[in-house]
Amino acid sequence: MSYLVCVLLFRLMVGSVGVASNPSPYFAAMGLVMESGVGCGVLICFGGSFLPLVFFLIYLGGMMVVFAFSAALSAEPYPYGWGNRSVKMYVAAYVLGVGCAWKVLLGKWSGFWGGILDESGELLVLRGGMMGVAAMHDVGGWMLVLGGLGLLLTLFVVLELVRGVSRGGLRTV
Amino acid sequence: MNPYLLIVLLTSLGLGTALTLSSTHWLLAWLGLEVGTLAILPLMAQRHHPRATEAATKYFIVQATAAATLLFAAFNNAWLQGHSDIQHMSHPLFTSMITLALLLKLGLAPMHTWMPQVIQGVSLNTGLIVSTWQKIAPFILLLQIKQIHPPLLTIIGLASILIGGWGGLNQTQLRKILAYSSIAHLGWILLILQHSTALATYALLIYIFMTSATFITLKKCKATTINMLTTTWTKAPTITLVAPLMLLSLGGLPPLSGFAPKWFILQELTQLNFIPHASIAAMAALLSLSYYLRLSYSITLSLSPNNLPECLQWRVNYPISTPLSSALPAALALTLFLLPLTPSALTLII
């Protein structure tokens, strides 16, 4: 089980490096998809049921959709992949950074806590994730309203920033 | 801009700051800060020319970085401590991280490099909002954090005063000068924050009045460079009379109200035996004073070459009225005449 977690986390790092090394958004999107899949897998290995699905949903259904629209609006004829020299340099730098961090931290974090995805460390009837969602809707109701207001404001802001045909940031939208 | 959208954005700006001011939980404070950041972006990019779009992009990236660091440190602290109370943070690493995030939001040295570029790229009114209103929410959060590592605040405060002074010396663009002046004033506020929160609040309040008066004056004169200030006497002779006093109040000279915060900050530092801090701050204030004097010289103390028709603008365009004109008398009165009222003003804050 811990081997599976190690493999998934390794893939998470590979995906992160692939995104952060600044290729064209088409390829970076693939890195993000892989990251979301393995992140979901890591959370499942730690025992969660609802939270990994939320993770998957937000990554793919939220971030990826916005990413895809941005990539479609910024189309280019010769996109940079990971074989491009400048992208390869970034990949090398990030791999070096991850290697250094691994060397420094190896041995300091040990043990695999195969418990339920929970902080209390004891046996519970309801899972922590479910209780959290229920509490968020019950006690934190007004916070959800404020969060929704914030998201609505974000919609207005984005629509105002990108509209304009000839005078906006994007010429054909 | 569409008036409905303008109302939504300005209301959200107020809502964001109100949320942060009324919060005891870090999540709500972060939410308020983010709402404020988002609401001002279309106001910044209103004119849709590349400089404004660039300024909006830089502002967004900087504020988003600061908000992300804030959220990261707040949740780490909550994990270790068990609660997300703003006023009871105890972990030193995450307290310092949150402090640095808030100082990045405020634009203090050495995280100040975005300020001149952003304020230069936007219009004078939006620059006013960024310089005054957007400082309130991070400042209130800073007030509530206890046990910040003292050398952090002192070094960043002194560095900000020095960089605000030296940075503004070589500028001819007025918005950049006001950005560096903002950095310097916030440095003074940060210097006294750990010793007396009442004085820090008073200093911020006086700074907001002085900066508002300056921005509104510049808007009325339609001046964005020092050269454009030289024709102020043709447009509004009364402003020509009062503007040097306003700028000297920014510089912190008695008997104007800008002197009161600096006076009390120096007194407090001296009483607590921080003599080097007080000396460096007082000497660095002279750097800022030199560029305020340069502006006063251009406005009032010298007569630049001009042609006859331009000398009579005040007869034709009187009175110059911008949307914020009605706020100028109040802001000017508060900038110039508040020093004798300092004892009663301080009792309101202490």
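Trainee: What are the helix and strand percentages over residues 291–344 of chain B, and how far apart are the end C-alpha atoms?

Mentor: This is a predicted model, and in it residues 291–344 of chain B are 50% helix and 0% strand. The end C-alpha atoms of that span lie 32 Å apart.

Trainee: What makes residues 291–344 of chain B a span to single out?

Mentor: The choice comes from a record: an unreviewed UniProt entry places "domain: NADH dehydrogenase subunit 2 C-terminal" there. Such annotations may be inferred rather than shown by experiment, so the name stays with the record.

Trainee: Which residues of chain B carry the feature "signal peptide", and what is the chain there, helix or strand?

Mentor: The unreviewed UniProt entry puts that feature at residues 1–18 of chain B. Over those residues the chain is 89% helix and 0% strand, with 24 Å between the end C-alpha atoms.

Trainee: Where does UniProt place the same kinds of label on chain A?

Mentor: In the unreviewed entry, "signal peptide" covers residues 1–20 of chain A, a span that is 95% helix and 0% strand. "Transmembrane region" covers residues 53–75, 87–105 and 139–162 of chain A. Residues 87–105 of chain A are 100% helix, and the end C-alpha atoms are 27 Å apart. For residues 139–162 of chain A the values are 92% helix and 37 Å.

Trainee: Why is chain B treated as two parts?

Mentor: The bounds come from an automatic or database domain assignment, so the division into domain 1 (1–148) and domain 2 (149–350) of chain B follows that assignment. The centres of domain 1 and domain 2 of chain B, over C-alpha atoms, are separated by 23 Å. Their contact takes in 30 residues of domain 1 and 35 residues of domain 2 of chain B.

Trainee: What makes up the contact between domain 1 and domain 2 of chain B?

Mentor: About 2800 Å² is buried between the two domains of chain B, and 78% of that is on carbon and sulfur atoms. There are 5 residue pairs in polar contact between them, both residues at pLDDT 80 or more. On the domain 1 side of chain B, the elements giving two or more residues are α4 (92–106), α5 (114–121) and α6 (124–144). The largest share, 11 residues, comes from α6(B). That side divides into 18 nonpolar, 11 polar and 1 charged.

Trainee: How many salt bridges join the two domains of chain B, and how do you know?

Mentor: A salt bridge needs a side-chain nitrogen of Lys or Arg within 4 Å of a carboxyl oxygen of Asp or Glu. The count between domain 1 and domain 2 of chain B is 0, so no pair there meets that cut-off.

Trainee: What is the area buried between chain A and chain B, and which residues of chain A supply most?

Mentor: That area is about 1400 Å², with carbon and sulfur atoms giving 79%. M143(A), L153(A) and E160(A) supply 36% of what chain A buries against chain B, more than any other three residues. In contact are 14 residues of chain A and 17 residues of chain B.

Trainee: How many polar contacts and salt bridges are counted between chain A and chain B?

Mentor: The count of salt bridges is 0, and the count of residue pairs in polar contact, both at pLDDT 80 or more, is also 0. By class, the side of chain A that touches chain B has 6 nonpolar, 4 polar and 4 charged residues.

Terms used. Residues are numbered from 1 along each chain as its sequence is written. Chains are lettered from A and ligands numbered from 1 in the order in which they are written. This is a predicted model: local features need pLDDT of at least 70, side-chain atom pairs count only at pLDDT 80 or more; totals for chains, interfaces and linings use all residues. Side-chain values use heavy atoms; hydrogens and water are left out. Contact means heavy atoms within 4.5 Å. Buried area is the accessible area (1.4 Å probe) that two parts lose on being put together, summed over both. A polar contact is a pair of N or O atoms within 3.5 Å; within protein, one must be able to donate a hydrogen and the other to accept it, and residues adjacent in sequence count only if both atoms are side-chain atoms. Helices (H or I, at least four residues) and strands (E, at least two) are DSSP runs, numbered from the N terminus. Ala, Val, Leu, Ile, Met, Phe, Trp, Tyr, Cys and Pro count as nonpolar, Asp, Glu, Lys and Arg as charged, and the others, Gly among them, as polar.
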